[in-house]
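Work through the exercises below with the sequence and the structure open beside you, and try each task before reading its solution.

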Amino acid sequence: MTAAAPNAPTALVGLVLVGFGLAPIVPLAFRIAGKLSPDAPGVGVAAVSTLGYAGFLLGPPLVGLVAEASSLRWSLGAVALLLLIVAMLSRRL
């Protein structure tokens, strides 16, 4: 919705919906990571935390880089595609 939005308010609604959709992922990721190694749950939680911070730090510059090379619509479309891939891979858990 955000990538195809004709104006800023519609794009903002799309971003809010993305936020609501992604909000449950973080607690679930930490819960699953803590259960991966029963003897040392901190290792899994640390790995998820590290990947989360890496995405938080690298994501916006990469979105900007793709937007500079093409457009913001393509950049946000790529983010949507990556989120669909994550959703498909999450079914394996």
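**Exercise 1: Fold and overall form**

Task: Establish which secondary-structure elements the protein contains and in what order they run, then decide how its spread relates to a compact globule.

Solution: In this predicted model, the protein has 4 helices and 0 strands. Read from the N terminus on, the order of its elements is therefore simply α-α-α-α. The next step is to set the radius of gyration, 16 Å, against the 12 Å that the globule rule gives for 93 residues; because the value is well over that figure, the protein is more spread out than a compact globule. Along the principal axes, the C-alpha atoms fill a box of roughly 50 × 25 × 20 Å.

**Exercise 2: Surface and contacts**

Task: Find what share of the residues counts as buried, and what share of the accessible surface belongs to carbon and sulfur atoms.

Solution: With buried taken as under 20% relative accessible area, 8% of the 93 residues fall in that class. The accessible surface amounts to about 7,200 Å², and carbon and sulfur atoms hold 77% of that area. As for contacts, among those between residues at least 6 apart in sequence, 30% join residues at least 24 apart.

**Exercise 3: The setting of Ser75**

Task: Locate Ser75 in its element, and decide whether Ser75 is buried or exposed.

Solution: Ser75 lies in helix H4, which covers residues 72–90. Its relative accessible area is 1%, so Ser75 is buried. Leaving aside residues up to four places away in sequence, Ser75 touches Val63, Val66 and Ala67.

Key:
Residues numbered from 1 in each chain as written. Predicted model: local features only at pLDDT ≥ 70, side-chain atom pairs only at ≥ 80, totals over all residues. Heavy atoms only, no water. Helix = DSSP H or I, 4+ residues; strand = E, 2+ residues; numbered from the N terminus. Rg over C-alpha atoms; globule rule 2.2 N^0.38 Å. Buried < 20%, exposed > 50% of the residue type's maximum accessible area, 1.4 Å probe, protein only. Contact = heavy atoms within 4.5 Å. Areas by Shrake-Rupley, 256 points an atom, 1.4 Å probe, with all protein chains shown as cover.
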